Amino acid sequence: MSSVLYYALPALGSYAALSIFFLRRPRLLHTPGVPAFCPRLGAHRGGSGERLENTMEAMENAMAQRSDLLELDCQLTRDGVVVVSHDENLSRQSGVNKDVGSLDFEELPLYKEELEVYFSPGHFAHGSDRHMVRLEDVFQRFPRMPMSVEVKEENEKLIHKIASLVRHFDRNEITIWASEKSSIMKKCKAANPEMPLSFTRCRVIRLLLLYYLGLLPFVPIPEKFLLCFLPTIINRTYFPFSCSGLNKLTAVVTKWLIMRKSLIQHLEQRGVQVVFWCLNEESDFEVAYSLGATGVMTDYPTALRRYLDNHRAAAPVS
């Protein structure tokens with residue numbers, strides 16, 4: 001046993017030192033690509049805290065606050081129109097217990113006059129625009145605005161229509177494929193491999209395993225974006241589970257696992273931009289940027305713009 005330790009301990013020590021060395025200097029092994037855009041300020045559902053979510057009015061408001069990224073979810077109507085909608089079922093958004101896929105585009109109901117802001121429980125958004133919009137109209141209205149398009153269900157027709165629209169409007173480099181499911185992301189990548197990928201849930205778990213095993217510096221990373229929740233919002237503005245005790249445990253564990261400055265800096269140096277969601281309070285903005293994140297996804301683009309402008313003004317002149 002002692003002879004095994006005699007060789008094993010120096011080997012493990014050398015491996016750990018090598019791993020740390022390349023973790024801090026990843027460009028010695030990998031050449032990062034130049035990002036097409038830098039998403040410092042992302043508008044969640046188009047900025048759903050200030051106007052009704054995913055409406056053209058919300059997106060116009062986000063643009064007025066100089067947002068760098070619009071976060072959208074897409075569904076497919078019965079007549080094959082890609083619409084911007086977080087939910088497939090319209091009950092929460094419109095009070096109509098029907099699925100988007102069961103209606104033609106012209107039959108879609110208006111949004112309710114007010115909607116609760118999901119990541120700010122007890123707060124409600126209002127707006128004069130209550131119409132659901134086509135993804136095509138959004139691309140036409142904001143031709144060079146970067147967007148993250150999330151696909152929630154394994155609908156190949158929807159995926160191929162999104163991919164086709166992105167090509168048609170020449171948006172390959174500024175439209176991100178987003179999905180929590182690896183099976184969906186595989187189909188998205190096949191439909192349009194030129195669009196940048198974000199990490200799925202399984203890929204995030206794999207990323208963390210590689211990081212803690214010391215293997216991350218030696219493994220290629222095809223994704224260009226890590227769109228990740230900030231663990232400190234769990235059990236405060238984000239409630240992934242119905243049990244408060246489980247939420248508290250999840251908050252503690254994920255905070256320990258994810259909020260690692262060395263991990264985020266390594267990803268950034270390898271060309272992976274880290275964006276934390278969905279942050280609506282200045283204290284959370286501060287935490288995200290202090291960790292080295294590229295940007296923040298928020299329901300309140302006006303608040304985040306004020307924070308960014310104030311901190312730019314307060315920054316020392318070099």
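The exercises below, each with a worked solution, concern a predicted model.

Residues are numbered from 1 along each chain as its sequence is written. In this predicted model, local features need pLDDT of at least 70, side-chain atom pairs count only at pLDDT 80 or more, and totals for chains, interfaces and linings use all residues, while side-chain values use heavy atoms, with hydrogens and water left out.

**Exercise 1. Helix α5**

Determine whether the end-to-end span of helix α5 agrees with its number of residues, and locate its buried residues.

Solution.

Step 1. Helices (DSSP runs of H or I, at least four residues) and strands (runs of E, at least two) are numbered from the N terminus. Helix α5 comprises the 13 residues 156–168.

Step 2. The expected span of a helix is 1.5 Å times one less than its number of residues. For α5 this gives 18 Å, and the end C-alpha atoms are 18 Å apart, so the two agree.

Step 3. A residue is buried under 20% relative accessible area, exposed over 50%, and partly exposed in between (1.4 Å probe, protein chains only). In α5 the buried residues are L158, I159, I162, A163, L165 and V166. These residues cover an arc of only 160° around the axis, which puts them on the same side of α5. The arc is that of the directions from the helix axis to the C-beta atoms.

Step 4. An α-helix has 3.6 residues a turn, so residues three or four places apart point the same way.

Step 5. The cover over the buried residues of α5, by contact (heavy atoms within 4.5 Å), includes strands β2 (69–76), β3 (82–84), β6 (147–150) and β7 (175–178), together with helices α4 (135–141) and α6 (182–191).

**Exercise 2. Helix α9 and the residue after it**

Identify the buried residues of α9, and state which phi G271 takes.

Solution.

Step 1. In helix α9, residues 261–269, the buried residues are L263, I264, H266 and L267. Seen down the axis of α9, they fall within an arc of 160°, so they line one face of the helix.

Step 2. Just after α9, G271 has a positive phi of about 85°.

**Exercise 3. Salt bridges**

State how many salt bridges the structure holds, then place the partners of D309 and of R236.

Solution.

Step 1. A salt bridge is a side-chain nitrogen of Lys or Arg within 4 Å of a carboxyl oxygen of Asp or Glu. The whole structure holds 18 salt bridges.

Step 2. D309 meets R66 in one salt bridge, at 3.0 Å from N to O. D309 lies in helix α11 (residues 301–314) and R66 in the loop between α2 (56–64) and β2, so this pair ties together parts that are 243 residues apart in sequence. D309 is partly exposed at 25% relative accessible area, and R66 is partly exposed at 45%.

Step 3. D309 also forms a salt bridge with R305, whose closest N and O atoms are 3.1 Å apart. R305 and D309 are four residues apart in α11, and therefore separated by about one helical turn. R305 is buried, at 7% relative accessibility.

Step 4. R236 and D284 form a salt bridge of 2.7 Å, N to O. R236 lies in the loop between β8 (225–229) and α8 (244–258) and D284 in helix α10 (residues 282–290), so the pair ties together parts that are 48 residues apart in sequence. R236 is partly exposed at 34%, whereas D284 is buried at 3%.

**Exercise 4. Backbone features in loops**

Find where the cis peptide bond lies, and characterise phi at R66 and N235.

Solution.

Step 1. W277 and C278 are joined by a cis peptide bond with omega of about -25°. C278 lies in the loop between β9 (273–277) and α10.

Step 2. R66 has phi near 60°, a positive value in a residue other than glycine. This R66 sits in the loop between α2 and β2, where its side chain also meets that of D309.

Step 3. N235 has phi near 70°, likewise positive in a residue other than glycine. N235 belongs to the loop between β8 and α8 and is partly exposed, with a relative accessible area of 25%.
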